[in-house]
Amino acid sequence: MRDSLDPTASEIEATAAEEAKTRKRPRPGERRLQILQVLAEMLQNPKGERVTTAALAAKIQVSEAALYRHFASKAQMFEGLISFIEQTVFGLINQINQKEESGLAQARGILQMLLFFAEKNPGMTRVLLGDALLQEDDRLQERITQVLDRVEASLKQALRIAQTQGGTWANVSQDEVSIRAAMLMSYVLGRWHRFARSGFKKLPTEASDISLRILLSE
């Protein structure tokens, strides 16, 4: 005999449908998240067209006024995306650094993560490159530049750790560490640009193992 506490699939579906009817409005924060998710999806357009609030509202099937009840401006929507990128990327960098003791392994892990993140989030790639921020508030470009500068600083720190761990990297000067960190960041940016220019067809992780082995060799 079926336990009375174990509902059937049809009962679950009926309950969910009833809850959906009674809860017409999204829970607090749900609509904000939905707006950011749809904005990121629209930025994946291979043509790279500018996303307008009118198009965004139409996609979500709400009025533009409804958008502004959750975000004071379009710039604030993009700030939400940048905050997501920042939290995700640096959260992953912290995980990599905690897992890997080797400075070179940290640098390699950070680089692989940056390529993979872009590959899985094409719309976010356009934000990272600043393409999606053209004709938007200037402070957004400044904000994403700060994020990229922090990423480069993380790469530099990993290479400095490699300096202290002996081997051929022990002979690398501080100036060269800075130059190499900038070169690694340029490689990542180049892969992101290639990905975006190809309409998101040429994957940033393509042959990345060989590339990183060359870039991190002494």
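The legends below accompany close-up views of a predicted model of a single protein chain.

**View 1. The protein chain as a whole, an all-helical arrangement of ten helices and zero strands.** Read from the N terminus on, the elements follow the order α-α-α-α-α-α-α-α-α-α. Of the 218 residues in the protein chain, 39% are buried, and the accessible surface amounts to about 12700 Å², with 50% of that area belonging to carbon and sulfur atoms. When contacts between residues at least 6 apart in sequence are considered, 66% of them join residues at least 24 apart.

**View 2. The packing of helix H5 (residues 74-99) against helix H6 (residues 103-120).** The axes of these two helices come within 9 Å and cross at roughly 150°; because angles over 145 degrees count as roughly antiparallel, H5 and H6 are therefore described as roughly antiparallel to each other. The crossing of H5 and H6 is right-handed. On the H5 side the contact involves Phe 84, Ile 85, Thr 88, Val 89, Leu 92, Ile 93, Ile 96 and Asn 97, and these meet Gln 106, Gly 109, Ile 110, Met 113, Leu 114 and Phe 117 of H6. Sorted by class, the residues of this contact comprise ten nonpolar, four polar and no charged.

**View 3. The packing of helix H7 (residues 122-129) against helix H9 (residues 174-197).** Here the axes lie 10 Å apart and the packing angle is about 125°, so that H7 and H9 are oblique to each other. H7 passes H9 in a left-handed crossing. The contact is made by Pro 122, Thr 125, Leu 128 and Leu 129 from H7, together with Leu 189, Trp 192, His 193, Phe 195 and Ala 196 from H9. Seven of the residues in this contact are nonpolar and two are polar, while no charged residue takes part.

**View 4. The packing of H6 against H10, with axes 11 Å apart.** The two helices pack at an angle of about 145°, and their crossing is right-handed. H6 contributes Arg 108, Leu 111, Gln 112 and Leu 115 to the contact, whereas H10 contributes Ser 208, Asp 209 and Leu 212. By class, the residues of the contact of H6 with H10 divide into three nonpolar, two polar and two charged.

**View 5. The surroundings of Ile 82, a residue of helix H5.** Ile 82 has a relative accessible area of 0% and is therefore classed as buried. Leaving aside neighbours within four places in sequence, Ile 82 is in contact with Val 127, Leu 133, Leu 140, Arg 143, Ile 144 and Val 147. One of these partners, Ile 144, is 62 residues away from Ile 82 in sequence, yet the C-alpha atoms of the two residues are 6.9 Å apart in space.

**View 6. The surroundings of Ile 144, a residue of helix H8 (residues 138-164).** With a relative accessible area of 2%, Ile 144 is buried. If residues up to four places away in sequence are not counted, Ile 144 touches Ile 82, Val 127, Leu 128 and Leu 133. The C-alpha atoms of Ile 144 and Leu 128 are separated by 6.4 Å, although the two residues stand 16 residues apart along the chain. Leu 128 is also one of the H7 residues that make the contact with H9.

**View 7. Gln 61, a residue with positive phi in the loop between helix H3 (53-60) and helix H4 (64-68).** The phi of Gln 61 is about 70°, a positive value even though the residue is not a glycine. Gln 61 is exposed, its relative accessible area being 72%.

**View 8. Phe 200, a residue with positive phi in the loop between H9 and helix H10 (208-215).** Phi of Phe 200 is near 65°, again a positive value in a residue other than glycine. The relative accessibility of Phe 200 is 14%, and because buried means under 20% relative accessible area, Phe 200 counts as buried, whereas Gln 61 of the preceding view is exposed.

Notes:
Residues numbered from 1 in each chain as written. Predicted model: local features only at pLDDT ≥ 70, side-chain atom pairs only at ≥ 80, totals over all residues. Heavy atoms only, no water. Axes fitted to C-alpha atoms, helices over the stretch in contact; angles between N-to-C directions. Helix = DSSP H or I, 4+ residues; strand = E, 2+ residues; numbered from the N terminus. Parallel < 35°, antiparallel > 145°, perpendicular 65-115°, else oblique. Left-handed = near helix turned anticlockwise from the far one by under 90°. Contact = heavy atoms within 4.5 Å. Nonpolar A, V, L, I, M, F, W, Y, C, P; charged D, E, K, R; others polar. Buried < 20%, exposed > 50% of the residue type's maximum accessible area, 1.4 Å probe, protein only. Areas by Shrake-Rupley, 256 points an atom, 1.4 Å probe, with all protein chains shown as cover.
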